[in-house]
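Good morning, colleagues. Thank you for making time for this presentation; please look at the sequence and the structure as they come up.

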Amino acid sequence: MRETLSLTGMVLKASPVREYDRRLVILTRERGKVTAFARGAKRPGNPLMAVSRPFVFGNFRLYEGKGAYSLAAAEVGNYFADIAGDMEAACYGSYFLEFADYYGRENLDGTELLLLLYQSMRALLKPALPNSLVRLVFELRAMAAGGEYTAKPPRPASDSASYAWEYIIGAPMESLYTFVLKEEVQRELEICVELNKKHYIDREFRSLKILKTLGMA
């Protein structure tokens with residue numbers, strides 16, 4: 001019998017394959033971004049049905065194949081069902097998954113990006129935190145994790161915006177979402193983050209377009 005790998009991660013994508021299967025992209029702590037097939041996950045009553053969808057975080061047991069993995073089972077730590085049930089949070093969450101998919105790499109340690117993704121999903125459930133601020137923190141820290149950022153804002157900024165920039169880049173992950181900004185300071189930070197994105201990122205994100213179309217971003 002083949003041995004299974006045990007990987008901690010979050011499902012970034014789930015797409016149908018053939019009649020009953022699903023193809024998953026999972027960001028894992030141990031092996032970065034991996035592709036796995038959930039055989040029979042679309043069959044009613046199949047135990048893989050509930051765990052083979054975006055936002056699911058937990059421990060995934062996988063069989064390793066030549067070009068991909070096969071999902072054997074999963075122990076779910078969080079379904080993030082409250083996000084899926086909130087239209088705005090779901091749109092932001094989908095954007096975070098897409099952004100993480102862009103920065104995720106195969107066969108590289110994914111600890112920092114996975115923890116950022118998990119903490120950001122939790123932050124979307126905090127009423128006191130504007131989702132727009134959560135987005136800026138997530139974007140900048142994800143770019144920093146990928147080594148694509150400047151130590152200070154890429155344009156002149158107020159002391160408050162500069163401090164926020166430096167804090168987001170260097171703060172412990174568990175302390176990232178412990179502040180709010182005045183409206184004018186957040187706007188400054190947004191301009192700086194957008195400049196950084198334009199410099200380092202060479203694609204547009206479909207989920208961000210949807211957010212903007214709906215007037216949520």
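Gln-186 touches Ser-132, Leu-133, Leu-136 and Leu-181, leaving out residues up to four places away in sequence. I should say at once that what you see is a predicted model. Gln-186 has its place in helix α6, which covers residues 183-200. Is Gln-186 buried or exposed? Its relative accessibility is 12%, and because anything under 20% is called buried, Gln-186 counts as buried. One of its contacts, Leu-133, is 53 residues away from Gln-186 in sequence, yet the two C-alpha atoms are 7.2 Å apart in space.

Let me move to a residue in another helix. Ala-161 is found in helix α5, residues 159-170. With a relative accessible area of 1%, Ala-161 is buried. Which residues does Ala-161 contact, once its neighbours within four places in sequence are set aside? They are Val-185, Glu-188 and Leu-189. For a sense of distance, take Phe-179: it is 18 residues from Ala-161 along the chain, and their C-alpha atoms are separated by 13 Å.

The third residue I wish to discuss is Arg-135, which is found in helix α4. Arg-135 has a relative accessibility of 4% and therefore counts as buried. Its contacts, not counting residues up to four places away in sequence, are Tyr-92, Tyr-95, Phe-96, Glu-194, Lys-197, Leu-208 and Ala-217.

Arg-135 brings us to the helix packing, for it is among the α4 residues that meet α2. Helix α2 spans residues 87-103, and helix α4 spans residues 131-145. Their axes lie 11 Å apart, and the two helices pack at an angle of about 5 degrees. Why do we describe α2 and α4 as roughly parallel? The cut-off for that term is an angle under 35 degrees, and α2 and α4 are therefore roughly parallel to each other. On the α2 side, the contact is made by Glu-88, Ala-89, Tyr-92, Tyr-95, Phe-96, Phe-99, Ala-100 and Tyr-103. On the α4 side, it is made by Asn-131, Ser-132, Val-134, Arg-135, Phe-138, Glu-139, Ala-142 and Met-143. Sorted by class, this contact of α2 with α4 has eleven nonpolar, two polar and three charged residues.

Helix α4 also meets helix α3, which comprises residues 111-123. The axes of α3 and α4 come within 10 Å and cross at roughly 180 degrees, and that makes α3 roughly antiparallel to α4. From α3, the residues involved are Glu-112, Leu-113, Leu-116, Leu-117, Ser-120 and Ala-123. Their counterparts in α4 are Val-134, Phe-138, Arg-141, Ala-142 and Ala-145. By class, the contact of α3 with α4 divides into eight nonpolar, one polar and two charged residues.

We turn now to the strands. In what order do the five strands close into a barrel? The order is β1-β2-β3-β5-β4, and the pairing is mixed. From one strand to the next, the twist averages 45 degrees.

Strand β3, residues 32-38, deserves a closer look. On one side, β2 and β3 pair in the antiparallel sense over seven bridges, and a hairpin of three residues joins β2 to β3. Within that pairing, Val-25 has Thr-35 in β3 as its bridge partner. Strand β3 is also joined to strand β5, residues 69-78, by two bridges, and these two strands run parallel. Here Phe-37 has Ser-70 in β5 as its bridge partner. Seven of the seven residues of β3 are buried, so β3 is largely enclosed by the rest of the structure.

How do the helices sit against these strands? Helix α2 lies across β1, β2 and β3, and runs at about 110 degrees to β1. Helix α3 lies across β1, β2, β4 and β5, and runs at about 70 degrees to β1.

I close with the cysteines. A disulfide is a covalent bond between the sulfur atoms of two cysteines. How many disulfides does the model contain? With a cut-off of 2.5 Å between cysteine sulfur atoms, the count comes to zero disulfides. Cys-91 is buried, with a relative accessible area of 14%, and Cys-192 is buried as well, with a value of 1%.

Thank you for your attention.

Note on methods. Residues numbered from 1 in each chain as written. Predicted model: local features only at pLDDT ≥ 70, side-chain atom pairs only at ≥ 80, totals over all residues. Heavy atoms only, no water. Buried < 20%, exposed > 50% of the residue type's maximum accessible area, 1.4 Å probe, protein only. Pairing = 2+ DSSP bridges. Helix = DSSP H or I, 4+ residues; strand = E, 2+ residues; numbered from the N terminus. Axes fitted to C-alpha atoms, helices over the stretch in contact; angles between N-to-C directions. Contact = heavy atoms within 4.5 Å. Parallel < 35°, antiparallel > 145°, perpendicular 65-115°, else oblique. Nonpolar A, V, L, I, M, F, W, Y, C, P; charged D, E, K, R; others polar.
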